[in-house]
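Here are a few short exercises to work through with the model open beside you. Try each task before reading on to its solution.

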Amino acid sequence: IDGVTFAAFSELLKKHLAEQNYLLAPDARSATLLLYVNWGRTIPFNNLNYQQSLNQAGHSMAANQAARASVASSMQAGVAITPEQQAVAREAADALEGDLLSIMMENRTRDQANEANASLLGYLDDLNQRRDDIARWAGGGVTYDDLIDDIEESRYYLLIFAYDFRALTQQKERKLLWVTRISISTSGTKFDESLDAMIARATKFAGRDSGGVARQFEGTVELGEAEVIGIVEEPLPPSPQEENK
């Protein structure tokens, strides 16, 4: 990211916006839009801490169940519960309660991080619409989970905000006309190498409604003519009847 200069970025933006009939104004008097651009990388929720909390809670739950089973066994046998058993059961219950509280705090932190990244990347409306989708609970839809996977990974993002230039300069009113957002997973990609393609795809939606998050996975497969390289003759494996013989 640090290797991308604003001059290089603006040249790419100008080139691809021109293909969508957004042209650089020759002077401020004829300008109708002011574009504000921002780019960077999201900081996702630290899932490692969450998994550690889950593992610790699992151990505590097992210890708590063992302690409760020990106390229940003594009661069923009519044997007095020892102070040691009481202490172990109390410590196990306290440990489990503390670990469950940690999971609740991790979930809250996770929700806050997800909400911030979803808002930044433009996923918030789609997540809210699909959170209670009946298809999700009936096993017929995975879109919500796919969106969550996106915002819980590190992503490069590109944001283009278009303001009414005259309203801003003449009336001192910040009037936002449209926003275009695009992001890509940082895994296996480099921002400087992906920037041209990101801007090209982003500007296709400049000034028009994308209908929500457009998750695109594009690729091509070219099949040439079949060519016989050679024939390898190998004996067929014996049948079960022949093996028995």
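**Exercise 1: A residue on a helix**

M104 is part of helix α3, which covers residues 83-121. This is a predicted model, so please read what follows in that light.

Task: decide whether M104 is buried or exposed.

Solution. Start with the relative accessible area of M104, which is 51%. Next, recall that exposed means over 50%. M104 is therefore exposed. Finally, look at its partners: L101, M104 and M105 make a nonpolar surface patch of about 330 Å².

**Exercise 2: A helix pair**

Task: describe how α4 and α6 cross, and find which residues meet.

Solution. First locate the two helices: α4 holds residues 124-131 and α6 holds residues 143-151. Their axes come within 9 Å and cross at roughly 145°. Then determine the hand, which is left-handed for this crossing. Last, list the contacts: on the α4 side are D126, L127, R130 and R131, and these meet T143, Y144, L147, I148 and I151 of α6.

**Exercise 3: The whole chain**

Task: summarise the protein chain, from its elements to its surface.

Solution. Begin by counting: there are 9 helices and 3 strands. Read from the N terminus, their order is α-β-α-α-α-α-α-β-α-β-α-α. Now turn to burial, where 27% of the 245 residues count as buried. For contacts between residues at least 6 apart in sequence, 73% join residues at least 24 apart. To finish, the accessible surface comes to about 17,500 Å², and carbon and sulfur atoms hold 51% of that.

Definitions and conventions
Residues are numbered from 1 along each chain as its sequence is written. This is a predicted model: local features need pLDDT of at least 70, side-chain atom pairs count only at pLDDT 80 or more; totals for chains, interfaces and linings use all residues. Side-chain values use heavy atoms; hydrogens and water are left out. Patches are made of residues with over 30% relative accessible area and no salt bridge: like charges are joined within 9 Å, nonpolar side chains (Val, Leu, Ile, Met, Phe, Trp, Tyr) within 5 Å. Accessible areas come from the Shrake-Rupley method with a 1.4 Å probe; for residues, only the protein chains shown count as cover. A salt bridge is a side-chain nitrogen of Lys or Arg within 4 Å of a carboxyl oxygen of Asp or Glu. Helices (H or I, at least four residues) and strands (E, at least two) are DSSP runs, numbered from the N terminus. Buried means under 20% relative accessible area, exposed over 50%, partly exposed in between (1.4 Å probe, protein chains only). Axes are lines fitted to C-alpha atoms, for helices over the stretch in contact, and angles run from 0 to 180 degrees between N-to-C directions. A crossing is left-handed if the near helix is turned anticlockwise from the far one by less than a right angle, and right-handed if clockwise. Contact means heavy atoms within 4.5 Å.
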